[in-house]
Protein chains: 4
Amino acid sequence: MTVHSATERSDRSDKRERILLAAERIFARHGFFAARVSEIAKEAGVADGTIYLYFKSKDDLLISLFEQRMKQVNEALRTAIAGVPPKDQLRAFIKAYLKLVHDEPGAAEVLTIELRQSSKFMKEYDNPQFVDFLRMLGGILAAGQQRGELDDTIPAHVAARMIFGMIDELALAWVLARQPSISTGTPGTRPKKFDIVRAADWVVALVTHGLQLKEKSP
Amino acid sequence: MTVHSATERSDRSDKRERILLAAERIFARHGFFAARVSEIAKEAGVADGTIYLYFKSKDDLLISLFEQRMKQVNEALRTAIAGVPPKDQLRAFIKAYLKLVHDEPGAAEVLTIELRQSSKFMKEYDNPQFVDFLRMLGGILAAGQQRGELDDTIPAHVAARMIFGMIDELALAWVLARQPSISTGTPGTRPKKFDIVRAADWVVALVTHGLQLKEKSP
Amino acid sequence: MTVHSATERSDRSDKRERILLAAERIFARHGFFAARVSEIAKEAGVADGTIYLYFKSKDDLLISLFEQRMKQVNEALRTAIAGVPPKDQLRAFIKAYLKLVHDEPGAAEVLTIELRQSSKFMKEYDNPQFVDFLRMLGGILAAGQQRGELDDTIPAHVAARMIFGMIDELALAWVLARQPSISTGTPGTRPKKFDIVRAADWVVALVTHGLQLKEKSP
Amino acid sequence: MTVHSATERSDRSDKRERILLAAERIFARHGFFAARVSEIAKEAGVADGTIYLYFKSKDDLLISLFEQRMKQVNEALRTAIAGVPPKDQLRAFIKAYLKLVHDEPGAAEVLTIELRQSSKFMKEYDNPQFVDFLRMLGGILAAGQQRGELDDTIPAHVAARMIFGMIDELALAWVLARQPSISTGTPGTRPKKFDIVRAADWVVALVTHGLQLKEKSP
DNA sequence: GATGAATGAGGCTTCATTCAT
DNA sequence: GATGAATGAAGCCTCATTCAT
């Protein structure tokens with residue numbers, strides 16, 4: 001849907017978007033540091049210099065890409081939980097997130113992997129969209145705690161991070177499992193492919209009931 | 001304990017270890033890509049070329065560092081769960097892992113952040129120590145499932161990944177929160193510092209019982 | 001008088017002049033090489049491409065600017081010595097030149113500094129206006145020599161260059177001294193500001209009588 | 001004497017000097033801005049990167065070159081006036097300077113032309129060696145004024161600048177006249193070649209007695 | 001004539017790696 | 001084994017110039 005052919009030149013004025021799309025692909029292919037600006041330009045069908053009409057630097061390109069995609073994710077999540085009864089919002093949130101990963105693996109790759117490639121990004125860049133994401137999730141949990149539905153032993157913002165960790169790791173495992181293995185290494189070490197959408201139910205189950213079976217009452 | 005002074009020159013033949021230690025510090029400080037081999041050499045108190053007597057390349061240095069540290073982690077975890085009753089091993093495993101993060105933040109930073117900085121590392125390198133880690137955790141879960149103590153709806157290896165995601169994310173949040181914030185940005189966006197060791201209990205609680213309160217029986 | 005507002009857009013067809021004016025300001029501000037064509041365009045209130053309707057290249061812009069200003073200088077000098085008794089022309093010439101520097105420091109900066117920034121300009125460009133300048137000055141000197149008023153030991157064209165060197169250096173020192181010192185360096189190294197118009201008398205004095213006091217006769 | 005062959009590779013440890021020599025030649029050939037670092041490296045017989053072991057940047061190379069050469073000039077001038085009776089020092093100074101220009105035209109070219117190519121250099125860099133030069137010359141003049149031998153109407157530091165302007169302009173004219181004319185322009189516009197050493201006498205004559213002939217007393 | 005988005009050649013600089021000592 | 005000066009490939013980015021509108 002949002003993926004354009006690299007050679008498409010019809011629309012103008014969407015050059016910025018074309019560059020972002022190209023960057024997403026190239027970053028996913030090689031990683032941020034190994035990605036070459038000139039290769040992104042070629043993939044976008046523009047001259048090298050053109051990129052610098054829309055972005056200040058390669059770093060800015062990564063940050064802009066991340067912000068745009070994360071913003072889209074946040075919007076989709078907000079839509080997904082709108083109109084859903086509060087007690088079902090957590091499930092809706094998690095399912096929607098993993099559905100997005102499934103539908104837009106390129107974007108997911110940027111969010112799970114490239115995001116962590118730039119120390120600058122990790123250590124110096126305050127990340128409003130990610131904060132927004134955590135606040136949304138934390139808000140759902142806090143509301144549940146206030147309604148007395150959720151255990152409030154764990155601070156909502158910590159629980160939010162734990163849940164993010166779970167689904168982010170699943171997304172990462174799934175995205176990497178999709179890669180045709182380049183390595184000549186021993187087979188079997190790569191995570192087995194699994195159904196990321198179905199995994200949403202597992203996450204919800206773990207988060208709601210935990211793993212421990214109730215002791216069977218007599 | 002394992003931290004040597006950079007200027008220590010006493011023992012010879014431990015040069016390899018000195019270099020790994022220096023690399024850990026420098027990688028933690030700047031990230032893998034921004035780290036300079038010459039800076040690692042200086043920190044280790046050796047000449048640039050000496051590093052290449054012990055490691056094939058900068059990449060090899062990262063991988064060796066990761067493997068060594070992860071191996072130590074795995075050994076520590078194995079020790080931590082040895083002699084512990086099966087039903088308590090999951091708790092012991094999680095607590096031990098987060099305790100290690102707390103005691104060796106430098107190593108934790110390498111494991112949580114730098115690990116993801118090299119695409120090579122993420123995509124091309126089959127990672128025996130990480131596989132070992134996941135197998136150990138998965139084994140604990142599978143055993144619990146077989147004993148009928150744990151819900152076996154979720155495949156053990158997926159549950160292991162989810163749990164790893166949780167504790168890795170907590171470790172990451174905690175490690176980053178330790179950084180003196182360089183940015184002049186708006187305060188409050190940086191994750192609040194929390195007690196990583198105490199957080200172990202939260203993780204165990206979430207994993208065992210989940211968040212949902214039992215419906216109050218009348 | 002010759003300085004137009006950068007935003008002035010009234011007269012059309014004087015675009016060429018507006019561009020020259022803008023170039024003068026920007027060259028004076030940053031130097032020829034550091035000056036950006038796009039900045040000149042902005043200062044002139046025209047599009048980048050428009051400059052190329054009036055000038056072949058950035059080099060051509062510098063040369064055109066120099067020629068135009070030098071031509072104006074030569075015209076002003078010719079006017080200044082017209083009708084002046086031959087024996088007073090040298091004095092009139094020098095005073096007029098330094099008066100121009102004082103009144104049009106922007107133009108002076110182009111003539112004294114930027115002129116030397118382009119190797120092309122210095123080495124490959126035959127400079128008719130500068131030749132004209134030297135001929136005018138040399139002519140005054142040669143006439144004085146022929147009238148027997150001036151020492152003819154020194155070839156007139158060499159003397160002309162020496163005099164030009166003197167007043168050009170004074171102009172340069174004066175122009176640079178006008179700059180608000182950006183450097184935080186030790187004070188006192190920047191040339192002290194002096195009265196460039198009054199300095200004309202010193203030049204005339206040096207050129208006519210030299211520095212050496214006549215030996216007092218008993 | 002100080003000019004080494006570009007291909008000479010015998011001496012090591014004089015690499016820094018070889019690079020300076022190469023830079024002098026290349027700057028003289030193309031000008032600072034048009035000079036390519038890689039061409040300097042080739043001329044010096046070193047790799048591109050080697051230059052950056054000895055100089056921080058291309059700018060630093062120009063500044064270092066200027067400082068070193070100007071320092072040599074100042075030392076030579078100090079030697080030239082040492083032991084000379086005060087009243088003859090001005091003559092000795094001027095003659096020595098123009099002799100240096102004659103003997104080291106490459107260095108002269110850097111001092112007269114390239115020096116002015118970098119705005120940075122002209123406007124932001126406080127130039128201790130040039131200040132030293134002017135102080136030496138100003139000191140000679142001031143001493144003469146105090147001894148009552150020289151006219152003190154003109155401030156010594158202004159007179160020093162005027163004299164510098166004269167000899168610098170002569171040096172420039174002479175250096176440029178040496179160039180094989182690349183231009184296809186009209187002949188005759190290039191300054192005629194003259195004897196720069198002999199011109200020293202003219203400068204001294206002008207500075208001491210001026211151009212004006214004493215009116216013949218009856 | 002005027003525009004300004006787009007171009008793309010090319011430079012300065014970095015830094016992992018080598019190798020003569 | 002150890003050194004560290006030297007290498008040189010290669011990338012990010014700039015900016016004068018063009019040309020379709």
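**View 1. The side chains of A:His209 and A:Thr208 meet in a polar contact.** The two side chains come to 3.2 Å here. For a polar contact, take a pair of N or O atoms within 3.5 Å; within protein, one must be able to donate a hydrogen and the other to accept it, and residues adjacent in sequence count only if both atoms are side-chain atoms. A:His209 sits in helix H10 of chain A, residues 196-209. (Helices are DSSP runs of H or I with at least four residues, strands are E runs of at least two, and both are numbered from the N terminus.) With a relative accessible area of 41%, A:His209 is partly exposed. On this scale buried means under 20% relative accessible area, exposed over 50%, and partly exposed in between, using a 1.4 Å probe and protein chains only.

A quick note before moving on: this is a predicted model, in which local features need pLDDT of at least 70 and side-chain atom pairs count only at pLDDT 80 or more, while totals for chains, interfaces and linings use all residues. Residues are numbered from 1 along each chain as its sequence is written, chains are lettered from A and ligands numbered from 1 in the order in which they are written, and side-chain values use heavy atoms, with hydrogens and water left out.

**View 2. D:Glu24 is tucked away in helix H1 of chain D.** That helix covers residues 15-30. D:Glu24 counts as buried because its relative accessibility is 9%. Skipping neighbours within four places in sequence, D:Glu24 is in contact (heavy atoms within 4.5 Å) with D:Leu65, D:Arg69, D:Gly106, D:Ala107 and D:Val110.

**View 3. Helix H6 of chain D is mostly covered.** Helix H6 runs over residues 105-112, and seven of its eight residues are buried. Among them are D:Ala107 and D:Val110, both of which also turn up as contacts of D:Glu24. Other buried residues here include D:Pro105, D:Leu111 and D:Thr112.

**View 4. DNA strand E has 29 residues around it.** A residue is near a strand if one of its heavy atoms lies within 4 Å of it. The closest are A:Thr50, A:Tyr54, B:Arg36, C:Thr50 and D:Tyr52. Helix H3 (48-54) of each of chains A, B, C and D supplies at least two residues of this surface, and H3(C) has the largest share, with five. Look at the phosphate oxygens too: one is 3.1 Å from a side-chain N or O atom of A:Lys15, one is 2.9 Å from a polar side-chain atom of C:Tyr54, and one is 3.1 Å from a backbone N or O atom of C:Ala47. Of the strand's atoms within 4 Å of the protein, 72% belong to sugar or phosphate and the rest to bases.

**View 5. DNA strand F is surrounded by 30 residues.** Coming nearest are A:Tyr52, B:Thr50, C:Arg36, D:Thr50 and D:Tyr54. H3(B) gives the most to this surface, with five residues. Phosphate oxygens of strand F lie 2.5 Å from a side-chain N or O atom of B:Thr50, 2.2 Å from a polar side-chain atom of D:Thr50 and 3.1 Å from one of D:Lys15. Sugar or phosphate accounts for 73% of the strand F atoms within 4 Å of the protein, and bases for the rest.
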